[in-house]
Structures are given as C-alpha cells and as structure tokens.
Amino acid sequence: MEYIMTDNQIIRKISGIIQLNMKSFAMIFALLLIWALFAVMTNGVFLAPQNLSNLFRQMTIISFLAFGMVLILVTGNIDLSVGSAVGLVSAVGAYLQAILLPKILPDLLPMLPSTSIGIASTVITVIACLMVGLAIGLWQGYLTAYLGIPAFIVTLGGMLIFRGGVLGITQGKTIVPIEDSLVYIAQGYQGRITGIIIAILVILAIFSMTFWNRRQKKSYGFELRPAYLDTAKAGFFSILVLIYVLYIANGYRGIQNPVLLMAVVAVIFSYISTSTRFGRYCYAIGGNKEATRLSGVDIKKNIFIVFILMGLLCGVSGIVLTGYVAAGTIGGGTNYELSTIAACIIGGTSTMGGAGTIFGAIIGSLIMASLENGMSVMNMDIFWQYIIKGLVLIIAVYIDVLSRKKTGII
Amino acid sequence: MNDYILEIKNVSKQFPGIKALSDVSINIRRGGIHGLCGENGAGKSTLMKILAGVYPHGAYDGEILLNSTPLRNSYIGDALKNGIAIVHQELALIPYMTVGENIYLGREPVSHGIINRHKLYADTKEILKKYDLDIPFSAKISSLGVGRQQMVEIAKALSEDARILILDEPTSALTDTEINALMRILNTLREKGVTCIYISHKLEEFFRITDTVTVLRDGMVVDTIDTAGADTEALIAMMVGREMTERFPEGKRNPKKVIMEVRNLTAYDQASRDKKVIKDISFTVRKGEILGIAGLMGAGRTELATTIFGEFGTRISGDIIINGEKITVTSARDAIDNGIHLVPEDRKGLGLITTQSILENISLPNIHRFSSIFRIDKHKELQECERLAKDMSVKCRSLLANINSLSGGNQQKVVISKWLMTRPRVLILDEPTRGIDVGAKYEIYKFMNELAEQGMAIIMISSELPEILGMSDRILVMCEGECKGILEKKDATQEIIMTLATGMNGVHND
C-alpha cells in the first residue's frame, strides 16, 4: 500500500530536505557566485567550454588527495605530507619510465615491439606508484594509529622525509621523457561519441539507483516520498551530467581522462564514507573517540585504514601529476597539502573532526581551482592570488565556526 | 567585632526544576574549623560556589555577612579579595612550574616589568615558614606528591591573605601520613587565627579536627552541632532520612541462577602501579536481578564498572566469571563480546556522538547486524533501530535528526537502547537517571524492570539512596575502593548504607 502525502506534508518534507542539506546548498551557491563574478570580470571568457574544461582538469590532482583528506580530517587527524608524498610517487614514476625500465625492459621482453614495451612500462609504473603510495600509507598509519604518535608530527616528518626522497631520486634534475601511454592518462580525451555513451550510462545508473532504492524502501514498509520528487532529483543530476558532457567537455575536446578517473574515485569514496561500516566508524571516531571506543569499535584499525587509503590516493594523484607535466621534477607536489586541506575545509569538512563529505571535497576543490583559474585568466598578480586564496580559507573556517556555535556542537 | 566571621542567613538557590538550597543559615565561628557534611547532592558544593562567587550576588536569595558586613561577590575574583579561598578537590596547579611560581601566578612581583625572582622566592619562603609548611620553595610541582601539592594550594590561598579557607574533600586522594600532615597544618592555621570550612565524606575526620559540624540534607540544614560530645551515629542519622518522594514501578523480578561472578577484583592506578583504585572486590549477580552499587563520591563505583568493562586493560588482578567460565577482559571489545555492556555516567562525554543522528548513535555498536564489509543495509538499519526506539519510547520527530535535538531523558534512552539490540547478559548502568526529569526517570525504571524480568542481569550505580533502595534486589556498598558489604533489599536502610559508605564498621552479610 503506497502512502500518500498531502501537499502540506510535501512542502514540509522538502523544506526538511533543504535544511538537512543546507551546507551543500550554501557551497554550491558560493561556487556559482564565484563563477558569476569571474564571468563578469573576464567578459565571459571564464565560462567558455575550453576554460571550464581546463578548470575541471586542473582540479583533479588536488581532488584525489581531498577525497582521502576528508576521511583523515573526519577522524580528527591531519596529513601534512601529501604534497611531498605525491612528489615522491611522481619522482619514482618518472625514474622508472625514463631511466630504469628503458634499460631493463627490452632485455626482459625482447619479442615485443617498442610501442608495447612503452605500454608495459606504463603498467609497471602505475602499479609501482600505487605501491609507493601504499607503503607511505602503511608507514604513517602504523606510526599514528598503533604507536600513538600524533598525526601532525608523523606527517610533518613525512613531509620532510618524502621531499628528501624526491631530491635523492631526481638528483636535483628534471627526469624526462615519459611514455605517451602515461601522458595519455593525464592529458588524453575520450571522443565525443564515447562521451555521449558515458553520459547515457551514467544517467541510466542514476535513475535505476533511484528506483531500486524506492523499491527497497517499500519492501521494508517505509513511507515513500512522491515519485515525482525522486524523479526530479534524479533528473537534476542527469542535467548536470549532460551540461558537463555536452557543453563543457564536448564543447572543447571531449571528456578528459583524469576527470573521468576522478569521477570514478569520487563515487567509490563517497560510497565508502556513507555506506560502509568503516565509513560510519570514521565519523563516529571524529565525533567522539571515547564513546566510539566504548561501543566496541577498533579505533586503531580504522585510523590505520584511513591512512592507507590516503597513501593510495597519493599514488593515484602522483601518477596523474607525472603524466600531466610529462616529467618528474624536484618541486612536484609542493604545497599540495595546503591546497588539499583548504579544499576540504572550504567544502564543509569540520576542523574538529566528525563532519565532512566527499561531495563537499569536490565542490571545495572546484572552488579552489576556480579561484586559481579565474584569477589567472584575469591576469591578476600572483601575490594577490595567494592573498585571496588565504582569505577565502579563513572565511570558510569562520563560517564553520559560526554554524557550530548555532547548532551548539563544540 | 562579633564571634562569627561569616554568617550565612536564609540562603536559597533555585535551579530549573530543583531547589538546591533552601533557607540555609549557618554561622561560622572566627578562627575555628567548621565541618560540613551531607550525602551526594545535599547542597554542599552549591553553598561553596556561592561563597566563592561562582554564583554571584543576586543569583541566590538570602544574605551572607562577612565580618558583619554584607558579602556581595560579583565574580569569582571577588571572593578572594574578600579573603575567602577554596582549595578544590582537583588541584589546579601548573605541573611544570615551581612552587613559588605557582603560588604567585598572576601576581608575580615585578621590577621594571621584569619578574623579580629573588623577591618571589623570598616571599614564598616567608609564607611557607610562617605556616610551618614543609615544601621546597623552588621544586617543580610535578615532583611533589599529592599531599604536598595540596600544601602549595593552601600556601597560595594564604599568600593572598585568605582569612577563610574552604577545603573541599582535602583528604580524598591522600595517604595516612599525608592526612596526618594536613591535620597538623590545620591546627597551625587555627593557632594563627585562620578560619577553615572543612568538607568531607569521612565522618571520623570531623571528630578529629573540626569544632562544629553542619549537616546538610536535600539543600536544607539539618542541624549544626559541636563535635565534642557527638558521635558518628548521630551524624549518620542526620545525613540520611531523605524523603522517598519518588515512585518506583513495581517489579515482578525473580532472580535465579548466577550469571556473573567477580572474585577478588583489584585495579591499579595508571600513574602508579602501587595505588589500588578498587581493592579486592568479590560479588555475584544473578539473571533477572538488579544489583545496586551505593557509595559516596569517589568511592570507586565507576571504577568498578569500568574495570569489569576492560578499561583498566591489564592493570587488574582477580577473576571475572561469566556462566561459570573465567573470561579475560582487557578492552571494551572483550567485555561486549562477553555480553557485558556499559552505559557510562558521562552521557555527553562517553555515551553519545553529538555530531551524529539518533539513528547512527543507536546503530553504532550494532552495525555488524545489518552490514557486510562492503555495505550497510540502511533500510534494515532504519527498520530495526526504529523498532527499538519505539520500544524504548524515544520521543523524536525522526531518527535522522541530530541527537542534540533530544531532551536529556530521551538521550539517555538512546544510550541505553543502543545496547539492547544484542540482548546483553549483564547491563551496567552508571547513574542512569542523573540530570533527567521525573517522567523519563520513571520510564527508565520501568525498562529496567522489564529487562530484568526478561532475564537480564543489571548492575545499577547510583548516588541517590531512594533510587538504590527502590530499585535494587541487593545492594553493594563501596567506600574508598573497597566493598564494605552486600545487603539484601529487606535488610537495607538508608542508615545502614550510609554507615557502610562512610567507612564506619558495619554489618557484613552475603
């Protein structure tokens, strides 16, 4: 039997949904405001498909890191080493591609043509980079979770150690060349047709998820909200997907590979954070560590896993960075930790732990990338760019502090 | 100048829903040591907070005369200016600073804007000598024992020309030697004309050191008596006898077989392994029984609960036996896996996750019931938690609302209900009704009865004697980390419990 709501109840329900998602709406509003501002100040150049397309690509390297950083911050920890870690992964990747593998691969696989050797080199490099990230995560996670050294110190140490590693591997020089196949990961595009197929698949997925969820709810006997509300919600997200694919991506050269990769990783991490035990525990730990422990949750194991995931994401980010600059450099990843933490916090992650979303991290990364991109398009002096980004971060935290005061959570 | 340095006249203090002090009048004799005793919640600390200016003039009714002139504290510092200083139970010294630096913290003697260390230490030396306090003036606080740290607190108060010194349970953390030293100091202070107000749970101390004692009960003065010629029985008789104003639901409990046995359980302090937090405690609890644990503040009741719950890790000795099998409990996880669940006393600090929803709070220890490693079945989660919340009559608009949107009583129901999904064998409730309204209290009592009737063993720690007497089948009374006796409900009276809880020798049965 389907439960039917009156108009009044529906209005109340909608306002309830808006209230629950106030933070998300506020962030999206802030983003649109920034875009509108830049659109006016750049005479529309900012909103051209080419620029927006670049903007999305620019945000990817930081947003990979932000997905992991959200979980780190939610558990009440911090990771200051991600910039250096990305630099190290990138340096190892470039070293393998440009120096080590070209020496040994032709001997190991003599029967392969040189193009295939390039692909083999990239596969090995990608796996190796992820392993470096994993190792970093294991190391820092163990020190923080099991030895009880504060994450601030462990990762401050890591920041220096990994930067040292970068200098050691690069010997102070830029390492080139990088295989085309690795460059493709970071700079390649999906054709227009593929883009449209992807868009259709994503929209189908959105709708089938929505209706599967409704069926589940019904089978458990919960009241359903009117079908048109759910349809409208699914439709809204579908339109966003279409705008991105048809206007932004296909308006320039197509969907960029790193953006596609980012979307996949975002969905995975969003799922981990909202729909798994591990994710739930992370929020509980950040909200009240003692109460969580007394509820029988293994806090150490959870924090260990959070750092491992962060390490793996440093691996992903490092691979994309290597492909994008097509080199391994001594300065790779410098200051990324600051941009990442800023993106998370602008995206509504609480500095006190316990609150934050992957969606927020995406918006936060997008806001940071928009500021950078917009100010560059405006040809603003670099010193102003730093000052404005710093001010935006402080204002974002102040808003967080204010909203905490209002809800009485401190 | 009259005989009394401090005259408290008809002081009342009202908190929302509760009258903490009503019409309290006490006269404190100049240069004497005046004792103040009463059960937990009798109003001692409220009275002290009024004297210390925590509740400023105007926040209470009545009048206080200091040297026959009205005392009007408008903030905490005022009391000190008027010569009233409190030495708190928890010492408030900075461990990395020296004795002298602590005594003159915030009032350092300066010359040309620079701290004059020589004068600071010279002044410290003088104060210590004047009151015959045996402490090295330049030692770091962290190198001193609790007893000497307390002397520093006293010296600090005296250096600020305190004429009235309030000591709030000064002996609760001291060894016998330290207590002797403290008594000596108090006698010296008496000779020097300093007035002391001495608050304690240990009745024999009143006869050892004080001249007069005022007994408070339910925010009212029962009587003020001269200690000479009185005895502990007389004090206990005055302390107890609280009205049984609350109703307790009738339970049809029928305790049968022993589910948990605790044998010679001892737990050691984290800082010093020689110090025992709870000492050699043995008891049993049966299926379907409510075992009450009574005792005064600091008797080690919460520590007993947390020891059973694994919070002391490996710093314990003795046995915990469940269903005839000896178990090892070194973490909360171990306890939970063995069916022992704890609802902690500090609801906000240890019970709730205030950033999360009601649903997430209830579900936290139970998530494994509706999830695999890869996915939480959120519909099943909501369904089961909703059923539980309904059984516990948690009043809320939606389980998705933040836990902070609930009243204290409903929050407590949430904290209890999160443990009920797994049907624990032993449920430990630490002060389950603290700070919640009468209606919710009654409901929680009803749940306790229901759960016990269904065969759960409940251990209830409470500071309220009527609650202990009204709800328990048997009552374990603790004092200073020891079990002083286990009483059957029919044998228990407020007097007997209080006698045991204050460390007087009493009956032992069971």
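## A sheet, its edges and the contacts between parts

Mentor: In this predicted model, four strands of chain B form an open sheet with antiparallel pairing, in the order S2-S1-S4-S5.

Trainee: Which strands of chain B stand at the edges of this sheet?

Mentor: An edge strand has a single partner strand, so one side of it is left without a neighbour in the sheet. In the order S2-S1-S4-S5 of chain B, the strands in that position are strand S2 (18-29) and strand S5 (69-70).

Trainee: How many bridges join S1(B) to S2(B)?

Mentor: S1(B) and S2(B) run antiparallel, and one of the pairs between them places B:Phe15 with its bridge partner B:Ile18 in S2(B). The number of bridges that join S1(B) to S2(B) is eight.

Trainee: Which residue in S4(B) is the bridge partner of B:Lys9?

Mentor: Strand S1 (residues 4-15) of chain B is also joined to strand S4 (residues 61-66) of chain B, by five bridges, and these two strands run antiparallel. Along S4(B), B:Leu65 stands opposite B:Glu7. For B:Lys9, the bridge partner in S4(B) is B:Glu63.

Trainee: At about what angle to S2(B) does helix H1 of chain B run?

Mentor: Helix H1 of chain B covers residues 44-52 and lies across both S1 and S2 of chain B. With respect to S2(B), helix H1 of chain B runs at about 65°.

Trainee: How far apart do the C-alpha centres of domain 2 and domain 3 of chain B lie?

Mentor: The domain assignment of chain B gives domain 1 (4-239), domain 2 (245-339 + 423-510) and domain 3 (355-421). Between domain 2 of chain B and domain 3 of chain B, the distance from one C-alpha centre to the other is 26 Å.

Trainee: Which helix supplies the largest share of the side of domain 2 of chain B that touches domain 3 of chain B?

Mentor: In this contact, 12 residues of domain 2 of chain B meet 10 residues of domain 3 of chain B. The side that belongs to domain 2 of chain B divides into eight nonpolar, one polar and three charged residues. Its largest share is four residues, and these come from helix H15 (residues 438-453) of chain B.

Trainee: How many residues does chain A bring to its contact with chain B, and which helices of chain A each supply at least two of them?

Mentor: The contact takes 25 residues from chain A and 26 residues from chain B. By class, the side of chain A that touches chain B has eight nonpolar, 11 polar and six charged residues. Chain A therefore brings 25 residues by the count of C-beta atoms within 7 Å, and the helices of chain A that each supply at least two are H8 (192-219), H11 (277-287) and H12 (289-294).

Trainee: Over which residues of chain B is the pLDDT below 50?

Mentor: Chain B has a mean pLDDT of 88, and 97% of its residues reach 70 or more. Where pLDDT is low, the predicted coordinates should not be read in detail. In chain B the pLDDT is below 50 over residues 506-510.

Definitions and conventions: Residues are numbered from 1 along each chain as its sequence is written. Chains are lettered from A and ligands numbered from 1 in the order in which they are written. This is a predicted model: local features need pLDDT of at least 70, side-chain atom pairs count only at pLDDT 80 or more; totals for chains, interfaces and linings use all residues. Two residues are in contact if their C-beta atoms, placed from the backbone, lie within 7 Å. Ala, Val, Leu, Ile, Met, Phe, Trp, Tyr, Cys and Pro count as nonpolar, Asp, Glu, Lys and Arg as charged, and the others, Gly among them, as polar. Domain bounds come from an automatic or database domain assignment. Two strands pair if DSSP finds at least two bridges between them. Axes are lines fitted to C-alpha atoms, for helices over the stretch in contact, and angles run from 0 to 180 degrees between N-to-C directions. pLDDT is the predictor's confidence in each residue, from 0 to 100.
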